[in-house]
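Reader: Could you take me through one part of this model at close range, and then show me how the rest is laid out around it? I work at the bench, so please explain the terms as you go.

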Amino acid sequence: MTISEETHQIVATATGRPHIEISAEAASIRELRGAIERNELPDLYVINGEVVHLERVSGDIGTPLGLADPPPLPYAPTVLTPPGLASVLARFAYVFRLRQKVKKGKDGEPDEILVTEEEAVPSTRVLAAVLSGRYWPGVRPLQGIVGSPVLRPNGTLVQSAGYDAETGLFYAPKVEIPWVSARPDRDEMEAARRFLLVNFLGGFPWVSDSDRANYIGLLATGILRPYIRTVTPHGMITATTQASGKTILSEGIGLLYGQRVLPWPEAEAELRKAITSALGEPAPVLVFDNLREGTVVDSPVLAQLLTTTEWSDRRLGTNTTVRHANDRLWLTTGNNLRLGGDIATRTVLVRLDPKMPHPEERTGFAIPGLDRWVREPANQRVVLRHLLVLVMGWMAAGAPKSDHVMRQFTPWAQAVGGFLAHHHIGGFLGNLADVRNMDDENNEWEVFLGQWHRLFDSERKTAGVIRKSADVELVKGEPVDRWDGLFLTDDRGGLLSAKSLGRRLAGQVGRFHGSYVLRRGEDPHRKTALWSVELRKDA
């Protein structure tokens with residue numbers, strides 16, 4: 001009997017598992033790779049050229065009592081490795097090789113060749129070769145995992161659990177949501193609006209209507225993101241004192257979509273590692289919770305993250321660069337938080353002020369025990385459904401946009417602003433002046449440049465001359481500080497040297513601080529920088 005050297009075609013068995021024959025290495029590699037590309041093996045997707053296996057995560061994720069740090073979503077993708085592929089094949093396919101046995105006749109000569117099937121596991125070398133490519137035609141791309149219904153780019157709602165081919169998203173519902181109509185009626189929308197504004201959010205001590213509107217905008221961002229397809233700003237939830245409701249508000253967002261709570265690293269290098277690690281998990285909401293009171297959030301790493309759609313960094317402990325889509329909502333919470341650097345212009349501010357010494361003793365919430373209520377999956381379902389009704393009501397009206405402008409986040413601001421205006425929720429982004437006032441670095445530069453302009457008008461000076469003017473002089477035996485204590489200092493509180501001052505000035509050229517802007521020129525003979533401060537003409 002002659003045995004063909006070609007592998008058999010994949011055929012479905014009665015149990016639905018495909019048969020895959022392996023033989024010579026080259027043929028086995030082709031057959032196994034073909035099985036992946038034809039989607040013969042379940043739950044395989046591709047992310048950035050790597051095949052991943054999407055599977056459920058064990059453990060009770062419906063309650064924080066299940067584990068000390070429960071997974072944020074019921075599914076997680078794992079990059080497929082040779083052992084991982086071997087496991088998938090053993091679970092979902094019948095992989096075999098043919099064995100030949102020669103049966104001899106009475107005369108001792110070969111009489112019959114017996115062929116039997118033997119279940120087998122491909123060698124590690126074969127499995128590694130199968131996974132070595134970066135191009136996977138036919139394998140479904142996985143753009144992300146979402147725990148709630150989201151808007152497709154065409155304005156329809158992803159409501160069926162599982163993979164959505166149009167968006168590339170896998171919908172793994174945290175809670176089951178009743179089907180939401182594409183055109184909710186007026187009574188449904190009014191009931192949804194009243195629930196959010198009165199029942200759910202009515203008892204919080206908002207500083208202004210803007211803080212409440214900003215929060216609802218952040219609350220709706222998880223649903224709107226695939227529709228608006230843009231980066232989203234950082235949300236800061238801050239209060240004047242503890243027990244004001246910050247955690248309830250952050251969990252109101254995070255538990256709705258899936259969250260990971262992170263400590264705030266003091267060092268930039270540690271923050272970068274934390275971001276890379278967090279983006280490798282499927283949680284749509286990432287919360288730096290309970291920062292130290294008075295913390296100034298001025299991280300250049302966070303500022304960079306907020307304005308990029310893709311984050312890349314070195315995988316911890318290796319020289320391999322990993323790339324992740326930055327499709328998450330980033331939140332920070334804490335008491336009396338401040339802003340610095342570029343973070344102020346990339347932040348949506350939500351403030352609470354209970355105006356009482358013991359806010360934990362407050363009563364009068366429409367929902368008693370709101371801190372416990374919001375953690376119950378059944379209640380999350382209620383909040384999410386009301387929010388979805390409002391979103392679909394806005395879509396049914398043509399998804400009108402507002403005219404808000406917010407740097408790179410303008411598409412987000414105009415969509416959210418239009419959504420809120422459609423439902424008569426006013427004040428969105430109305431506290432931007434307060435955000436600027438929270439920028440301690442900007443305030444420091446504003447008073448410094450203001451004093452500079454009062455001392456020298458718009459005259460051009462070297463950094464050395466400006467630095468020398470900060471030395472205390474004795475006038476009639478009394479020390480006189482021409483800068484009234486407003487000169488820039490280093491981390492130890494000492495006056496900057498001329499060289500350090502020059503470096504600091506170079507980073508502020510052309511940037512307005514209040515009504516003042518720093519300009520740079522050059523002395524053509526000495527080839528040294530000359531600095532001047534201009535006052536805005538309309539100031």
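Author: Happy to! Let's start with Ser210, which lies in helix H5, residues 209-228. Helices here are DSSP runs of H or I with at least four residues, strands are runs of E with at least two, and both are numbered from the N terminus. Is Ser210 buried or exposed? Ser210 counts as buried, because its relative accessibility is 9%; buried means under 20% relative accessible area, exposed means over 50%, and partly exposed is in between, with a 1.4 Å probe and protein chains only. Setting aside neighbours within four places in sequence, Ser210 is in contact with Gly427, Gly430 and Asn431, where contact means heavy atoms within 4.5 Å.

A word on what you are looking at: this is a predicted model, in which local features need pLDDT of at least 70 and side-chain atom pairs count only at pLDDT 80 or more, while totals for chains, interfaces and linings use all residues. Residues are numbered from 1 along each chain as its sequence is written, and side-chain values use heavy atoms, with hydrogens and water left out.

Stepping back, the protein has 15 helices and 25 strands. Its radius of gyration is 31 Å, well over the 24 Å that the globule rule gives for 539 residues, so the protein is more spread out than a compact globule. That radius is taken over C-alpha atoms, and the rule is 2.2 Å times the number of residues to the power 0.38. The C-alpha trace spans about 130 × 70 × 40 Å along its principal axes. Of the 539 residues, 47% count as buried. Among contacts with a separation of 6 or more, 71% are between residues 24 or more positions apart, and the contact of Ser210 with Gly427 makes a handy example to look up on screen.

Now to the strands, where two strands pair if DSSP finds at least two bridges between them. Strand S2 (residues 44-47) and strand S3 (residues 50-56) run antiparallel and are joined by four bridges; Ile47 has Glu50 in S3 as its bridge partner. These two strands form a hairpin with two residues between them, and Asn48 in the turn has a positive phi of about 50°. On to the next pairing: S3 and strand S4 (residues 75-79) are antiparallel over five bridges, with Val79 in S4 as the bridge partner of Val52.

Towards higher residue numbers there is an open sheet of three strands, in the order S23-S24-S25 with antiparallel pairing. Its edge strands are S23 (512-513) and S25 (528-535), each pairing on one side only. Eight bridges join S24 (residues 516-523) to S25, and one pair to look for is Leu518 with its partner Val533 in S25.

The backbone angles deserve a look too. Most residues other than glycine have a negative phi, and most peptide bonds are trans. Lys527, in the loop between S24 and S25, has a positive phi of about 55° although it is not a glycine. Lys527 counts as exposed, at 61% relative accessibility. Ala243 also has a positive phi, near 60°, and is found in the loop between strand S12 (234-239) and helix H6 (246-257). With a relative accessible area of 36%, Ala243 is partly exposed.
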